[in-house]
Amino acid sequence: MQTTICPGKGPEAATLGLKLVEWNFGPLCKRVVKSLVHHGRQSLKELRSTSELKKDALQLALMVLIQQNCVDVNVQPLSPSGKEEYTYEANIPRILQIIRIPLFLHIIDQVLPKEHREVKKIVLQTLFHHGRMTVDQIVEHALQSSSSTEDVLRDFIRDLVHRRLIERAPLCSLPPAPDTVHVRAQKRRSANRSHDDEEEGANLIARARERRNQSSLRFCWDMNEDDASESKRMKKKRKHEDMENASSAILWRVNFE
């Protein structure tokens, strides 16, 4: 674990975030987020120690928090044991967006065309309730409240992605973002420079590049939709493949930005 400074995450924001987690997901989830807020990014083993929760209870709480985009998951490339391990970090800015949902829906009424607006709001409300979902899952739940067909709902979801109201949820296989280290910790590090600094710098650059590549796909439904050189037949075939991929593999969530 490392002591870090999280921009935009003051004590007031953390306190409100913890209350929102407790109100929406229960005291068990609050306990996990509180531990992550106080101790920073942690592995599962570290989190079991700091939260003092049993393994089953901790895993259940993490499943809920990850599903609801309250906790970010990353893969730590080099753990002390020499193996890759998952690390967990509270996402307070995302948690605070819970209180903006009514405002978000109000803005949607002004942004979306009147035609089919209510159906698209059902899609967004489905994501508000369930956090992150595949297209298949969104369609399955939206059909319970809408008379639209599956194909129409999929087109609506695609339109919401193009309008940047829905984005791809971040992968859990990405390396963690570089830490913003406290000034005192920076001084300690500078006093203990070693020949490993160059390798560490290269690793940081590679991690940043990987995260940028993933970020560029946030609103990408069709990986090659701007390629004008493809024939109509190939585009149609690829569109079908992209639809299947987006439906079964990619997780989507609401974009509040």
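Below are five short exercises on this predicted model, each with a worked solution.

**Exercise 1. Take stock of the chain**

Work out how many helices and strands the protein chain has, and what percentage of its residues are buried.

*Solution.* Begin with the secondary structure: the protein chain has 12 helices and five strands. Next, turn to burial: of the 257 residues, 39% are buried. Finally, look at sequence separation. Taking contacts between residues at least 6 apart in sequence, 68% join residues at least 24 apart.

**Exercise 2. Map the largest nonpolar core**

Find which residues touch the most other members of the largest nonpolar core, and which element supplies its largest share.

*Solution.* Start with the members: the core holds 27 residues, and Phe 104, Leu 124, Ile 157 and Ile 166 touch the most others. Then ask which elements feed this core: at least two residues each come from helix H6 (101-111), helix H7 (117-130), helix H8 (135-142), helix H9 (150-162) and strand E5 (252-254). H7 gives the largest share, with six residues.

Now zoom in on Leu 124. Leaving aside residues up to four places away in sequence, Leu 124 touches Phe 104, Ile 108, Leu 160, Leu 165, Ile 166 and Val 254. A further core of 23 residues lies apart from this one, and includes Ala 13, Cys 29, Leu 58 and Cys 70. As background, nonpolar side chains in soluble globular proteins tend to be buried together.

**Exercise 3. Classify two helix pairs**

Decide for H1 with H2, and then for H8 with H9, whether the packing is roughly antiparallel or oblique.

*Solution.* Take H1 (residues 11-25) and H2 (residues 27-39) to begin with: they pack at about 155°, and their axes are 7 Å apart. Angles over 145 degrees count as roughly antiparallel, so H1 is roughly antiparallel to H2. Their crossing is right-handed. On the H1 side the contact uses Ala 14, Leu 18, Val 21, Glu 22 and Phe 25, which meet Pro 27, Cys 29, Lys 30, Val 33, Lys 34 and Val 37 of H2. Sorted by class, this contact has eight nonpolar, no polar and three charged residues.

Go on to H8 and H9, where the angle is about 120° and the axes are 10 Å apart. That makes H8 oblique to H9. Here too, the crossing is right-handed. Val 135, Asp 136, Ile 138, Val 139 and Ala 142 of H8 meet Glu 150, Leu 153, Arg 154 and Ile 157 of H9. The class count is six nonpolar, no polar and three charged.

**Exercise 4. Place Leu 251**

Say where Leu 251 lies, whether it is buried or partly exposed, and what it touches.

*Solution.* First, locate it: Leu 251 sits in the loop between helix H12 (232-248) and E5. Second, check accessibility: the relative value is 31%, so Leu 251 counts as partly exposed. Third, list the contacts beyond four places in sequence: Arg 132, Met 133, Thr 134, Gln 137, Glu 167, Arg 168 and Ala 169. For Arg 168, the C-alpha separation from Leu 251 is 5.9 Å, although the two are 83 residues apart along the chain.

**Exercise 5. Examine two positive phi values**

Find where Asn 69 and Arg 164 lie, and what phi is near in each.

*Solution.* Asn 69 belongs to the loop between helix H4 (55-67) and strand E2 (71-76). Its phi is near 65°, a positive value in a residue other than glycine. With a relative accessible area of 2%, Asn 69 is buried. Arg 164 lies in the loop between H9 and strand E4 (166-168), and phi of Arg 164 is near 65°.

Terms used. Residues numbered from 1 in each chain as written. Predicted model: local features only at pLDDT ≥ 70, side-chain atom pairs only at ≥ 80, totals over all residues. Heavy atoms only, no water. Core = buried A, V, L, I, M, F, W, Y, C linked by side-chain atoms within 4.5 Å. Buried < 20%, exposed > 50% of the residue type's maximum accessible area, 1.4 Å probe, protein only. Helix = DSSP H or I, 4+ residues; strand = E, 2+ residues; numbered from the N terminus. Contact = heavy atoms within 4.5 Å. Axes fitted to C-alpha atoms, helices over the stretch in contact; angles between N-to-C directions. Parallel < 35°, antiparallel > 145°, perpendicular 65-115°, else oblique. Left-handed = near helix turned anticlockwise from the far one by under 90°. Nonpolar A, V, L, I, M, F, W, Y, C, P; charged D, E, K, R; others polar.
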